[in-house]
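Dear colleague,

I am passing on the structure below, and my notes on what was found in it follow directly after. Please read them with the coordinates open beside you.

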Amino acid sequence: MSQLRTVQVLGGGSAGSSAHVGSLAAGLVARGVQVTVCAPAAVDRAHDFTATGARFLPVPRRSDPAAVAALRAACTGADVVHAHGLHAAARTALALSGRPVPLVMTWHTRRYAEGARRQILHLLERRAARAAAVVLAPSSDLVDRARARGARDARLAPAAAPPAHPVRAVDEGKVRAELGAVDRPLLMAAGSLVPQHGFGTLLDAAHAWRRLDPAPLLVIAGEGRDREALQRRIRDEELPVSLIGAREGVGELVAAADLVLLPSRWEGRRSPLAQEALRSGVPLVATAVGDVPELVGGAAELVPYGNADALARTVVRLLGDPAARTRLAEAGRVQAAGWPTEDDTIAHVLSVYDELAQPLATGRGR
């Protein structure tokens, strides 16, 4: 049997999908698979796919004839082509037109659009889902969405949690003092300051807990286009909230917090903030969206997206119930210990490749 050959195709290369491809490439190469990664050159400069042992070919994120031809040439001789994301899958399907090479798509995240863009997104989802022999998704709602868009075979894929950061002693008292939360509860959230991350709802909920004595302080780490509007609300409504800007790592903030809040409209591919909270044994209150319910199990309090009243009630209840917070902290560590590993993810993907390449292997005498 000859060596299995795969091509991994990335589009714009979000941090999450690029990290996944890097991990996948390294694991597949270690198992004797020949891997080629196709992505814009800037993505490789940021993630260095050749360091995994894979071959890298620069292919721009465009659908013009030259870019499609370059991708088609890169896929020549592949047993399986694996596209990551909707745009990458649609372009790859075009490049593979007329060739019997199976296409796998990983649908990493759900996108939102309004007006005319919503119809365009719907068409893109249909095109990508129908082109793939197998669609892999990290959450059940994306599996259902792929099937609704006409996917022939959509499967829930184990999404590995990245390795835990080395344990480092955190001076929680110092962190809380720097944030201004020495004698008051500390609530913590993080993410880009954009509408889909739900920080507007978080400010709505803050009206309820600002009446507590002492009033909890909510710190939000992150930057984005909504910062000015959020800051204006905080000032005008006199909310106990502090926008502290982007932080390279949020581990120290999580460790120092009494509660971690995740109010997003959608979370996919293993929310880093949720992972950090559960691993650190800090109670998490999150929206029941995307793969969050599957990630946290019963180890977090889940509320509906956009429901400020439910979010506020849950926060106030937990702040008044130390025993409940302790139970969540213990359950979080147990839940985190059972998350899939990178080996689990790679083994699952390889089993899909072997399944799809088998007819080709029979036909070519592999």
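A residue is called buried when its relative accessible area is under 20%, exposed when it is over 50%, and partly exposed in between, with a 1.4 Å probe and protein chains only. The model is a predicted one, so local features need pLDDT of at least 70 and side-chain atom pairs count only at pLDDT 80 or more, while totals for chains, interfaces and linings use all residues. Residues are numbered from 1 along each chain as its sequence is written, and side-chain values use heavy atoms, with hydrogens and water left out.

By that measure E125, at 1% relative accessibility, counts as buried, and this residue is a good place to begin with the charged pairs. The structure holds 14 salt bridges, a salt bridge being a side-chain nitrogen of Lys or Arg within 4 Å of a carboxyl oxygen of Asp or Glu. One of them pairs R145 with E125, with 3.2 Å between the closest N and O atoms. Because R145 belongs to helix α6 (residues 140-148) and E125 to helix α5 (residues 116-131), this pair ties together parts that are 20 residues apart in sequence; helices here are DSSP runs of H or I with at least four residues, strands are runs of E with at least two, and both are numbered from the N terminus. R145, with a relative accessibility of 18%, also counts as buried.

E125 meets a second partner, R149, in a salt bridge of 2.8 Å from N to O. This pair links distant parts of the chain, since R149 sits in the loop between α6 and β7 (154-156) and E125 in helix α5, 24 residues apart. R149 is buried as well, at a relative accessible area of 13%.

A further salt bridge brings together the side chains of D258 and R176, at 3.1 Å from N to O. Here D258 is in the loop between α10 (251-256) and β11 (259-262), whereas R176 is in helix α7 (residues 172-179), and the two are 82 residues apart. D258 is partly exposed at 21%, while R176 is buried at 15%. Returning to the earlier pairs, salt bridges that share partners join E125, R145 and R149 into one network.

On helix packing, α8 (residues 199-209) and α13 (residues 308-319) meet at an angle of about 50°, with their axes 8 Å apart; the axes are lines fitted to C-alpha atoms over the stretch in contact, and angles run from 0 to 180 degrees between N-to-C directions. The two helices are therefore oblique to each other, given that angles under 35 degrees count as roughly parallel, over 145 as roughly antiparallel, 65 to 115 as roughly perpendicular and the rest as oblique. On the α8 side the contact (heavy atoms within 4.5 Å) is made by T201, L202, D204, A205, A208 and W209, and on the α13 side by A308, L311, A312, V315 and V316.

Finally, some backbone features deserve a look. D213 and P214 are joined by a cis peptide bond, with omega about 0°, and P214 is placed in the loop between α8 and β9 (217-221). D48, a residue other than glycine, has a positive phi near 50°; it is partly exposed at 40% relative accessibility. E238 likewise has a positive phi, near 55°, and at 64% relative accessibility E238 counts as exposed.

With best regards
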